[in-house]
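Work through the exercises below with the sequence and the model in view. Each task is followed by a solution in steps.

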Amino acid sequence: MFLMPWNVDTISHEGFTKTPLQKCFETKDIELLQKTIASMPEDEARYHIQRCIDSGLWIPDAKKAEQEAAEAAAKEES
């Protein structure tokens with residue numbers, strides 16, 4: 001599963017508005033994102049996924065990162 005922080009302002013960064021991915025992020029539609037990525041040639045899909053990660057638009061394993069941050073914060077409060 002892919003999780004996104006939905007920073008739509010980042011979409012216009014570096015030409016995201018020129019790709020089919022724009023609609024996925026504007027509508028916050030993860031299923032459409034998965035279908036869009038799956039329909040691309042693998043090299044192109046990897047390129048766009050990496051751009052999303054590098055820009056902060058997409059955070060891989062976001063739920064795990066949130067959980068780890070919450071656990072760290074709880075330990076600091078103790």
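**Exercise 1.** Locate lysine 28 and describe its backbone and its exposure.

Step 1. Lysine 28 sits in the loop between α1 and α2; helices (H or I, at least four residues) and strands (E, at least two) are DSSP runs, numbered from the N terminus.

Step 2. Its phi is near 55°, a positive value in a residue other than glycine. Most residues other than glycine have a negative phi.

Step 3. Lysine 28 has a relative accessible area of 48% and is therefore partly exposed. The classes are buried, under 20% relative accessible area, exposed, over 50%, and partly exposed in between (1.4 Å probe, protein chains only).

Conventions: this is a predicted model, in which local features need pLDDT of at least 70 and side-chain atom pairs count only at pLDDT 80 or more, while totals for chains, interfaces and linings use all residues. Residues are numbered from 1 along each chain as its sequence is written, and side-chain values use heavy atoms, with hydrogens and water left out.

**Exercise 2.** Give the order of the elements and state how confident the predictor is along the chain.

Step 1. The chain has four helices and zero strands, so the definition of elements yields the order α-α-α-α from the N terminus on.

Step 2. pLDDT is the predictor's confidence in each residue, from 0 to 100. Its average over the chain is 77, and 76% of the residues score at least 70.

Step 3. Confidence is lowest in helix α1 (residues 21-27), with a mean of 83, and highest in α2, at 91.

Step 4. Over residues 1-17, pLDDT stays under 50. For this stretch the model has 44 contacts beyond four places in sequence, a contact being heavy atoms within 4.5 Å.

**Exercise 3.** Find the salt bridges and place each in its helix.

Step 1. Apply the rule: a side-chain nitrogen of Lys or Arg within 4 Å of a carboxyl oxygen of Asp or Glu. The count is two salt bridges.

Step 2. One joins lysine 35 and glutamate 31, at 3.1 Å from N to O. Both residues belong to helix α2 (residues 30-39) and are four residues apart, about one turn of the helix. Lysine 35 counts as exposed because its relative accessibility is 51%.

Step 3. Another joins arginine 46 and glutamate 42, at 2.7 Å from N to O. These two lie in helix α3 (residues 42-55), four residues apart, about one turn of the helix. Arginine 46 has a relative accessible area of 54% and so is exposed; glutamate 42 is exposed too.

**Exercise 4.** Which residues make up the largest nonpolar core, and which elements supply them?

Step 1. A nonpolar core is a set of buried Ala, Val, Leu, Ile, Met, Phe, Trp, Tyr and Cys residues joined through side-chain atoms within 4.5 Å.

Step 2. The largest one has 10 residues: Leu21, Cys24, Phe25, Leu33, Ile37, Met40, Ala45, Cys52, Leu57 and Trp58. Two or more residues of this core come from each of α1, α2 and α3, and the largest share, three residues, comes from α1.

Step 3. In soluble globular proteins, nonpolar side chains tend to be buried together.

Step 4. Take isoleucine 37 as an example from helix α2. At a relative accessible area of 11%, isoleucine 37 is buried. Not counting residues up to four places away in sequence, isoleucine 37 touches Leu21, Ala45 and Ile49. The C-alpha atoms of isoleucine 37 and histidine 48, 11 residues apart along the chain, are separated by 8.5 Å.

Step 5. Compare threonine 36, also a residue of helix α2. Threonine 36 counts as buried because its relative accessibility is 10%. Beyond residues up to four places away in sequence, threonine 36 touches Pro20, Leu21 and Cys24.

**Exercise 5.** How many disulfides does the structure contain, and why is cysteine 52 not bonded to cysteine 24?

Step 1. Search for a pair of cysteine sulfur atoms within 2.5 Å, the definition of a disulfide. The search of the whole structure finds zero.

Step 2. Cysteine 24 is in no disulfide. The closest cysteine sulfur to that of cysteine 52 is in cysteine 24, and the 9.1 Å between them is too far for a bond.

Step 3. Check the exposure of both residues. Cysteine 24 is buried, with a relative accessible area of 0%, and cysteine 52 counts as buried at 1% relative accessibility.
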